[in-house]
Amino acid sequence: MFKITTEVITGEEVREAVEGPDAGAVVLFFGTVRNNTDGRSVKCLEYEAYPPMAEKKMAEIAQEISEKWGLDRVAMLHRVGKLEIGEVSVAVAVASPHRKDGFEACKYAMDRLKQIVPIWKREVWAEGEAEWVKPDAVFFDAPKPHKTDSQID
Amino acid sequence: MNVTVKYFAVCHEMLDRSEEEMELPEGATIQTILDRLEEEWPEIAEFYEVMQMSVNWEYATEHTELAEGDEVALIPPVTGGCNV
């Protein structure tokens, strides 16, 4: 499952998409809307996406994970529109035989999502103004290839 | 030839439209579109260094040649996910 949605994300969608009898672990990640950015109060966030390209890029990230870790069950779901404080903006699920690979692959999926998936976030400040968020320089400048450590059971 | 050009986030806001059809000469590249937009919105040149472009849902460069029916998009720096 690689999807942009306007619906509330519960997490069950992505968990069900990756579950299977050979999984010893399912790592779930939720990104949620925080009430401040560097101490400045946030009222809500507005997300916009380029859905067909975003879903294609998510599928490419899953392909990268398949090549690096040999894990073939990855799901990514990102919500767009206006989100209130505490709501889930993104959910990632990775199923793996052992937890270490699952944790690493899930982190990798989120890092790559923030680099290549065309989604944009606008912060609406508590005092009323709104602005498009500028990217974290670390993610913008340095998409470095990820290498796994040696396998640990 | 005719192509569709899509604008997102800050580009959508600055140009006040989310997409448009453009008629371009044969041999046109993404640069042809950027030059045309710069006439309307000179400040867009400041964004070119950080902005990416796509053709048919794949990242492209300003030198990418276009074909009839292509879907082009201006991609401002992406900021999806969450701040962690």
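A:Ile85 sits in the loop that joins β6 (81-84) to β7 (88-96) of chain A. This is a predicted model, and in it A:Ile85 is partly exposed, with 14 other C-beta atoms within 10 Å. Leaving aside residues up to four places away in sequence, A:Ile85 touches A:Val33, A:Asn35 and A:Cys44. A:Val42 is 43 residues from A:Ile85 in sequence, yet the two C-alpha atoms are 8.0 Å apart in space.

Let us step back to the whole of chain A. Its secondary structure comprises four helices and nine strands, and along the sequence these follow the pattern β-α-β-β-β-α-β-β-β-α-β-β-α. Of the 153 residues in chain A, 37% are buried. Among the contacts of chain A with a separation of 6 or more, 75% join residues 24 or more positions apart.

Where do the nonpolar residues gather? The largest nonpolar core has 53 residues, and A:Ile65, A:Val74, A:Val92, A:Val94 and A:Ala109 are those with the most contacts inside it. Helix α2 (residues 51-69) of chain A gives the most to this core, contributing seven residues. In soluble globular proteins, nonpolar side chains tend to be buried together. A:Val92 is a good place to look around: not counting residues up to four places away in sequence, it touches A:Val14, A:Phe29, A:Met76, A:Cys106, A:Ala109 and A:Met110.

Two helices of chain A deserve a visit of their own. The 19 residues of α2(A) reach 27 Å from the first C-alpha to the last, close to the 27 Å expected at 1.5 Å a residue. Its buried residues are A:Met53, A:Ala54, A:Lys57, A:Met58, A:Ile61, A:Ala62, A:Ile65 and A:Trp69. The cover over these residues includes β1 (2-5), β4 (40-49), β5 (73-79), α3 (99-116) and β8 (119-125) of chain A, together with β3 of chain B. After α2(A) comes A:Gly70, whose phi is positive, near 70°.

For α3(A), the 18 residues should span 26 Å at 1.5 Å a residue, and the end C-alpha atoms are 26 Å apart, which agrees. The buried residues of α3(A) include A:Cys106 and A:Ala109, both of which A:Val92 touches. Charged residues such as A:Asp101, A:Glu104, A:Arg112 and A:Lys114 are also among the buried residues of α3(A).

Now to chain B and its sheet. Five strands form an open sheet in the order β2-β1-β5-β3-β4, with mixed pairing. Which strands are at the edges? They are β2 (19-23) and β4 (58-60) of chain B, each of which pairs on one side only. From one strand to the next, the twist averages 30°. Within the sheet, strand β3 (residues 52-55) of chain B and β5(B) pair in the antiparallel sense over four bridges, and B:Met53 stands opposite B:Leu74 in β5(B). Helix α2 (residues 30-40) of chain B lies across β1 (2-7), β2, β3, β4 and β5 of chain B, and runs at about 60° to β5(B).

Two loop residues of chain B catch the eye through their backbone angles. Most residues other than glycine have a negative phi, and most peptide bonds are trans. The two below have a positive phi, although neither is a glycine.

| Residue | Phi | Loop in chain B | Exposure | Other C-beta atoms within 10 Å |
|---|---|---|---|---|
| B:Asp16 | about 60° | between α1 and β2 | exposed | 8 |
| B:Asn56 | about 50° | between β3 and β4 | partly exposed | 15 |

The loop of B:Asn56 lies between β3 and β4 of chain B, and β4 is one of the edge strands. B:Asp16 is in the loop between α1 and β2 of chain B, and β2 is the other edge strand.

Finally, how do the two chains meet? The contact takes 25 residues from chain A and 17 residues from chain B. On the side of chain B that touches chain A, α1 (9-15) and β5 (71-75) of chain B each supply at least two residues. By class, this side of chain B has eleven nonpolar, five polar and one charged residues. From chain A, α2(A) ties into this picture, as the elements covering its buried residues include β3 of chain B.

Note on methods:
Residues are numbered from 1 along each chain as its sequence is written. Chains are lettered from A and ligands numbered from 1 in the order in which they are written. This is a predicted model: local features need pLDDT of at least 70, side-chain atom pairs count only at pLDDT 80 or more; totals for chains, interfaces and linings use all residues. A nonpolar core is a set of buried Ala, Val, Leu, Ile, Met, Phe, Trp, Tyr and Cys residues joined through C-beta atoms within 7 Å. A residue is buried if 20 or more other C-beta atoms lie within 10 Å of its own, exposed if 12 or fewer, and partly exposed in between; C-beta atoms are placed from the backbone. Two residues are in contact if their C-beta atoms, placed from the backbone, lie within 7 Å. Ala, Val, Leu, Ile, Met, Phe, Trp, Tyr, Cys and Pro count as nonpolar, Asp, Glu, Lys and Arg as charged, and the others, Gly among them, as polar. Two strands pair if DSSP finds at least two bridges between them. Axes are lines fitted to C-alpha atoms, for helices over the stretch in contact, and angles run from 0 to 180 degrees between N-to-C directions. The expected span of a helix is 1.5 Å times one less than its number of residues.
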